[in-house]
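Colleague: Could you take me closely through the pockets of this model, saying what lines each of them and which elements supply the lining?

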Amino acid sequence: MEPDGPFIEYLVQQLRNYLKHLGDYYACKKFTRYALKLVGAFTREIGRGELYDRALAQAMPYSFYEYEDSLFEKNQYEQWGELQSYFGFEYNSISSERIKILQKEAPEVLIPLYHQMIGDLVEMKNRSSYKQAARLLKKLRTVYKKLKRVPEWEEFFGKLLVRTKRLRAFHEECTRSKLIEEA
C-alpha cells in the first residue's frame, strides 16, 4: 500500500522535530534512511522532487550523504561546495571522478574547498601534510590559471608564504613541488 500525499507532506514537515525527539545519533540516522526511502519512492512516482529535497534539508545532518549526492546529480555544484565546506570538506573523501567533473564544469567551486584543505594541512605541521598541501597547491594554481585569475593566485600564495615563513619544511615542499622558484 502506497502512502498518500498528505501523509508524506506531514512526515516531511515533522521530520526535524521527530529527529530532535529521538536524540540518539544512530537512531536518527536509521530513521532518516527509512523516511527518505519512503519519501523518495513517493516523490519519484508523482514527480515532486522538491518535496524530497525538503526532506533532505529537514533531516540534516543525518541526510548529509544523500543530500550531497542529490545536489551533485542535479549539477547544483555551488550549493554542493557550500555544503562540503560547511561540514568540513576532506579532499580524500571526494571521488576523483567528481573532482574531474568539477574541474571541467565548475572549477570555481574547487577554489574555496582547496583553500580550506590547504589551510588544514598546513596547520597539522608535519612533513606528510606539507607534501599533501603542496600537491593541492599545484591543483589550486591550475584552477586559478584555467579561470584566468592568476593575480588572485599570486596574492594568495604570497600571503601563504609570508604566514608560514617559519615553517621551513613547508617551504621546502613548495620548492620541491616547483611552486617556489629557486634563486
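Modeller: In this predicted model, the largest pocket has a volume of about 250 Å³. Its lining is made up of 13 residues, and those closest to the centre of the pocket are Phe64, Tyr65, Gln84, Gly88 and Ser93. Two elements, helix 4 (64-73) and helix 5 (77-86), give two or more residues each to this lining, and helix 4 gives the most, with three residues. In terms of chemical character, the lining of the largest pocket divides into six nonpolar, four polar and three charged residues.

The second largest pocket has a volume of about 180 Å³, and the residues that line the second largest pocket are Gly40, Thr43, Arg44, Gly49, Tyr52, Asp53, Glu66, Asp69, Ser70, Glu73 and Lys74. Here at least two residues of the lining come from each of helix 2 (25-46), helix 3 (49-58) and helix 4, and helix 4 again gives the most, with four residues. The lining of the second largest pocket divides into one nonpolar, four polar and six charged residues, with Arg44, Asp53, Glu66, Asp69, Glu73 and Lys74 as the charged ones.

Taking the two linings together, helix 4 is the element to follow, for it gives the most to the lining of the largest pocket and also the most to that of the second largest pocket. As for the character of the two linings, the largest pocket has six nonpolar residues and three charged ones, whereas the second largest pocket has one nonpolar residue and six charged ones.

How values were computed. Residues numbered from 1 in each chain as written. Predicted model: local features only at pLDDT ≥ 70, side-chain atom pairs only at ≥ 80, totals over all residues. Heavy atoms only, no water. 1 Å grid on protein atoms, 1.4 Å probe; cavity = no way out; pocket = protein on both sides within 12 Å on 5 of 7 lines; lining within 4 Å. Points joined across faces, edges and corners; volume = space filled by probe spheres on them.
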